[in-house]
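Good morning, everyone. Please bring up the sequence and the model on your screens, and we will go through a few parts of the fold together.

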Amino acid sequence: MRNLITKLVIILCLAIGFISCKDNNDEPKIENKEANRTILVYMVATNTLSGYDKMDIQEMLMAANDIDLSKNNIIVYHCSKSSNPKLIQITNKNGIATEEILKEYSDQYSSLEKVRFSEVFMDIKKFAPAKDYGLILWSHAMSWTPSRILIDNNVSPTYFGDDYGKHLNIDQLADAIPNDLFSFIWMDCCYMASIECAYELRNKCQWYIAYPTEILSNGMPYNLTLPYLTKDNIDIVGAADATFNYFNDSYDSNYCTISVVDMSQLNQVAEATKVLMSTFKPIDTKDLQKFSRGSQGPYYDFAQYVYQASVNTDNFSEKYANFTSALNNAIVYKNYTAKFLNLKINQCSGLSTHAVMYDESDNEKYYYTLDWFNDIYPQIAQN
């Protein structure tokens, strides 16, 4: 009788377990196995880039054939014009690359609000836990320039993103990204290789990849770069070089500038720059290398600007040599074509910068709030 009772108890427990498993089939499938690396592509395409988002996702599906997806997760937060935002995982099932929807988001928050960033960051740790995380930010961008000033008819100057006209300034984005999550941040958008942007994000990642100029609308070739970014020993420089070669070798679109920054070296760059700028005064910028076109920016070559702004400083040669050494340690890779569309590029130190004017413009007042200005330039009394 005791054996019969024991068997009945076991059968009952198995039945309860079976019912529980069936009920859980209605919940989103969550793989709790920790991967080597999860790469999140945060894609905001509710703007004039709509259409290129689908092209880039197709490139990610192509890359799935060259990536070990048992050890790596490719996750896309896809904010598009066709539907509410979705969290998508690139998977390979029976040799066929597919998109698996992990979660759909409401339109309660913009994709450029801190609360939505935080939600997505928590979700990737839940759906795709990993030892290492990388972040790719995909949208329009306009370096450090604040979003309140309109340029042209289609694009507003923004730090990052255009979500139906909503934008995110550089300090706001820095506040939205936690310090301890991502090993690299790749800005797949225009003008983000500026010293102001990199310095604002210096505590957010080890490696920062961005473009001093614009980037053509098709952006990073994900089918070529993701295999480098998912190696056991990640090859950031290899991915950056593949991007440059993709554009440089193209018959009709050989326009590209790209840099890889070691963020751990930026404090040394700041210290060396501060020494040079101790007696700073605004300078004439007409002979400086520009990385921006038309009314955008202007953004100038960082090293050339520092040289021109500090050449009359006492002990200039020694101080500038220290600056050059610090900058070379920070820029681990850079490359550029001879032109970008109608813009000639004669030199590129790897980063751009703003020419401080000490005027009363809205842009200048916002610039005074950035970490780079406050840590580098002599303080001035503002009326």
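Before we begin, one term: when I speak of contact, I mean heavy atoms within 4.5 Å. Please also keep in mind that what you are looking at is a predicted model.

With that in hand, take helix α3, residues 114-127, which lies across β1, β2, β3, β4, β5 and β8 and runs at about 150° to β1. Helix α2 also lies across β1, β2, β3, β4, β5 and β8, and its angle to β1 is about 165°.

Now to the sheet itself, which is open and has 9 strands in the order β4-β3-β2-β1-β5-β8-β9-β10-β12, with mixed pairing. At the edges stand β4 (96-104) and β12 (331-336), each of which has a single partner strand, so one side of each is left without a neighbour in the sheet. From one strand to the next, the twist averages 15°.

Let us follow some of the pairings. Strands β2 and β3 pair in the antiparallel sense over 5 bridges, with Tyr77 standing opposite Leu87 in β3, and a hairpin of 6 residues joins β2 to β3. Going on from there, β3 and β4 are also antiparallel, with 8 bridges between them, and Ile90 has Glu99 in β4 as its bridge partner. These two strands form a hairpin with 2 residues between them, and Asn94 in that turn has a positive phi of about 55°. Of the 8 residues of β3, 6 are buried, so this strand is largely enclosed by the rest of the structure. By way of contrast in direction, β5 (residues 130-138) and β8 (residues 182-188) run parallel and are joined by 6 bridges, and here Trp138 is partnered by Asp188 in β8.

Where does Thr46 sit? It is found in the loop between β1 (35-44) and α2 (52-63), and it is buried, with a relative accessible area of 3%. Leaving aside neighbours within four places in sequence, Thr46 is in contact with Cys79, Ser80, Lys81, Asp162, Asp163 and Tyr164.

Finally, please look at helix α9, residues 302-310, and helix α10, residues 316-330, which pack at an angle of about 165° with their axes 11 Å apart. Angles over 145 degrees count as roughly antiparallel, and α9 and α10 are therefore roughly antiparallel to each other. The contact is made by Phe302, Ala303, Val306, Tyr307 and Ser310 of α9 together with Phe316, Tyr320, Phe323 and Leu327 of α10, and by class it has 8 nonpolar, 1 polar and no charged residues.

Key. Residues numbered from 1 in each chain as written. Predicted model: local features only at pLDDT ≥ 70, side-chain atom pairs only at ≥ 80, totals over all residues. Heavy atoms only, no water. Axes fitted to C-alpha atoms, helices over the stretch in contact; angles between N-to-C directions. Helix = DSSP H or I, 4+ residues; strand = E, 2+ residues; numbered from the N terminus. Parallel < 35°, antiparallel > 145°, perpendicular 65-115°, else oblique. Nonpolar A, V, L, I, M, F, W, Y, C, P; charged D, E, K, R; others polar. Buried < 20%, exposed > 50% of the residue type's maximum accessible area, 1.4 Å probe, protein only. Pairing = 2+ DSSP bridges.
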